[in-house]
Structure formats: C-alpha cells, structure tokens
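The exercises that follow ask you to read a fold from its strands, one helix and the surroundings of a ligand. Work through each task with the structure in view before turning to its solution.

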Amino acid sequence: MGLFDGKVAIVTGAGRGIGREEAMLMAREGASVVVNDVGGASTGEGSDKAPAQEVVDEIVAAGGKAVANYDDISTWKGGEAFVNQAVEEFGGLDILVNNAGILRDKMSFNMTEEEWDAVIQVHLKGHFVPSRFAAAYWRQKSKDTGESVNAKIVNTSSEAGLYGNAGQLNYAAAKAGIAAMTIVLARELDRFGVRSNAIAPVALTRLTDDLMGGVDEKMKAALDPANVAAGVGWLASDLSAGVNGQVLKIQGGLLQIVRGWNPASDVKSDGSWTIESIDAVKKDLFANSDPGVPPFLLPI
Ligand SMILES: NC(=O)c1ccc[n+]([C@@H]2O[C@H](COP(=O)([O-])OP(=O)(O)OC[C@H]3O[C@@H](n4cnc5c(N)ncnc54)[C@H](O)[C@@H]3O)[C@@H](O)[C@H]2O)c1
C-alpha cells in the first residue's frame, strides 16, 4: 500500500531538481502524477520537452503512472490546461505542488525591469494560476458532492524571502508573497477540505550550484533534493492532518516551522500619534528587539 494510492498529483517544474524528486516520490507512493516542466534555462529562457518527458519515462518504467505537461504554468492558459489535464487523464485532482522557479539575481540598483518581471511572473503568478484553477475545481467538487474534498496544496517559498536576502530583490519579494499566499489559501479553502502549506527548502540543484560549490561530500548528500521531497510528501499526505498555513524549512537533517510578522512590541496611546509622540516611545517600541536590519538566519 502506498501513501498516495488512488490519488492524483500535479507538480510544477518537475523535470529537474526538487520537483523531480517530489514527482518520483509521489509516484512511488502510488499517485498518478502530471509532471510539468517548461524545460527552460535556470534564468527562464527557452523551452525543452526532454526534462518532463524523462521523469515520466522513469516513473512509467518503474511501474508508476505519469503524464508530461510542458506548459508555462505562469500563464493563465498554461495553468488552466495543466489542472484540466489531471482531471481529464486521471479523473480528478488531490494534490498540487507548486515548485517551478527561476533566478535572475541582481542588487536593487542594477536590476532591470525584465529581470523583475520574469521572476515575479514565474514564482508569484506561477503559484497563483495553478492554485486558482485547482481551487475552483475543488470548490465545485465540494459543492457537487456536499463533502470535504481532502486535497492539499504545497507551495515553495524560500528563506531568501522569509528573511530578505540581499541581491535577490525580485526573488525574495516573490517568495515572501508565496508565504503570504499560502496562509490566504489555507484560510479560504479550509471550508472545502483543502490544506495549504509551504516549504522553505535548501538543496543542491542547478539553482544553488554556484552558491554551494565548496560543500563537501557529506554536505552534498545531506542536501540531496530527495530530502526535501520527503517534507513535501508528508505535507501532501493525510499524516499531516491539521497542519494548515504553515511553512516548513528543510535543510539536511534540520526541520523548522518558520513564522514571521508577529508583533515585536506593543505601545499604546490614548490619542492620535504625532511624529514627536512616536519618537518619545521609540525605546519601548524596540524594548525587546534590535532596531537594525533583522538578521538573516544563514542556511549554511
Ligand atoms: N535549491 C534550493 O536550495 C532552493 C532553496 C529555496 C527555494 N527553492 C525553490 O525550489 C523550487 C525548485 O528549485 P530547484 O532548486 O529544484 O531548481 P531547478 O532549476 O533544478 O528546477 C526548477 C524547474 O522549474 C522549471 N520551470 C521554470 N519555470 C517554469 C515555468 N514557468 N513553467 C514550468 N516549469 C518551469 C525549470 O525548467 C526547472 O526544471 C524553486 O521554486 C526554487 O525557487 C530552491
């Protein structure tokens, strides 16, 4: 018996890296998987059917069920077609893993409009569009059957967005947005029986090769994308029942639930604030925290 026997899963950007391992794991555990990948460069240019097709071939050769999808999931048409394909080919949809991503790192003062737009499009809209069509499908199914649909969304955020990494203004803004989107989806879709969570992964893939060039063999093994896929598998399964709107960081042997934007202080006034009255309470505002730039909890 597999954990996902009889379930239908779709994984975006599943031709390589973390998404590939997520698709393989779900298939090994019995899911029928739509393997999406546009097959572009790590910066987003170009397209190639080979990465998605190779993952499908590997799943099928191992006795699993999978079909390829080569759409750009950040387009309205692509996201809709991708969700429809799962329903048409496998008769439904139970799990959506939003994973596809690209990088175009630059400091704010050097970033071009195109670099900003490309990263925001693939990550932020690329999470929104499949989620939107999957959510519409689940809402209708719940209305038609009068039952909870027991479905899951797993999004892919990043510590770059949760802590704010210099040199990644576009990417960090998108990944912070994805963390917020995860909570909104959890609030909106809970009533239909859909749970929405996110991961903040650290893994060795082509996206991080440059950053982690110096890591030793032991670290390389710990940062295998398959390690991250296990967390996604858990969030996508019924084993994590009750977990909703959370961000799970996975790095080697470390798991963390990461939360942000809680009040760090509480200062009240009976009347309206003025610049001077705010300045008079600044010590109380930062009584429990440093007023400087918040620390980046470095992954490595
Ligand atoms: N590797 C890490 O340490 C790390 C850390 C934090 C977050 N992430 C996130 O994890 C996700 C996976 O990254 P990875 O490291 O496996 O990278 P990767 O480059 O190995 O895989 C990403 C895949 O997404 C595909 N893709 C890109 N744009 C697409 C689009 N519009 N439509 C369909 N497919 C598209 C690419 O072709 C590629 O195969 C990304 O969202 C990334 O930002 C990775």
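Two strands are taken to pair if DSSP finds at least two bridges between them. The model to which this is applied here is a predicted one.

**Exercise 1.** Determine in which sense β7 pairs with β6 and in which sense with β8.

*Solution.* Begin with the general rule that strands of a sheet pair through backbone hydrogen bonds, either parallel or antiparallel. Strand β6, residues 194-202, runs parallel to β7 and is joined to it over five bridges, and one residue pair to look for is V202 with its bridge partner Q251 in β7. On turning to β8, one finds that β7, residues 247-251, pairs with it in the antiparallel sense over four bridges, with I250 standing opposite L255 of β8. The hairpin formed by β7 and β8 has two residues between the strands, and G252 there adopts a positive phi near 55°.

**Exercise 2.** Place these strands in the sheet, and decide whether β7 is enclosed or not.

*Solution.* The sheet is open, has eight strands with mixed pairing, and follows the order β3-β2-β1-β4-β5-β6-β7-β8. Its edges are β3 (65-69) and β8 (254-257), each of which pairs on one side only, while the twist from one strand to the next averages 20°. For β7, count the buried residues, a residue being buried if 20 or more other C-beta atoms lie within 10 Å of its own. Four of the five residues of β7 meet this condition, so the strand is largely enclosed by the rest of the structure.

**Exercise 3.** Check the length of helix α3 against its expected span, and find what its buried residues pack against.

*Solution.* Helix α3 covers residues 76-90, and because a helix should advance 1.5 Å a residue, its 15 residues should span 21 Å; the end C-alpha atoms lie 22 Å apart, which agrees. Its buried residues are G78, G79, F82, V83, A86 and F90, and these pack against β1 (8-11), β2 (32-36), β3 and α4 (113-145). After the helix comes G91, with a positive phi near 85°.

**Exercise 4.** Describe which residues surround the ligand, and which element gives the largest share of the shell.

*Solution.* Of the 33 residues around the ligand, those that come nearest are G13, G17, A100, G101 and T205. Two or more residues are given to the shell by each of α1 (17-28), α4 and β6, and the largest share, three residues, comes from α1. Sorted by class, the shell holds eleven nonpolar, 18 polar and four charged residues.

Conventions: Residues numbered from 1 in each chain as written. Predicted model: local features only at pLDDT ≥ 70, side-chain atom pairs only at ≥ 80, totals over all residues. Axes fitted to C-alpha atoms, helices over the stretch in contact; angles between N-to-C directions. Expected span 1.5 Å × (residues − 1). Buried ≥ 20, exposed ≤ 12 C-beta atoms within 10 Å, placed from the backbone. Contact = placed C-beta atoms within 7 Å. Near = placed C-beta within 6 Å. Nonpolar A, V, L, I, M, F, W, Y, C, P; charged D, E, K, R; others polar.
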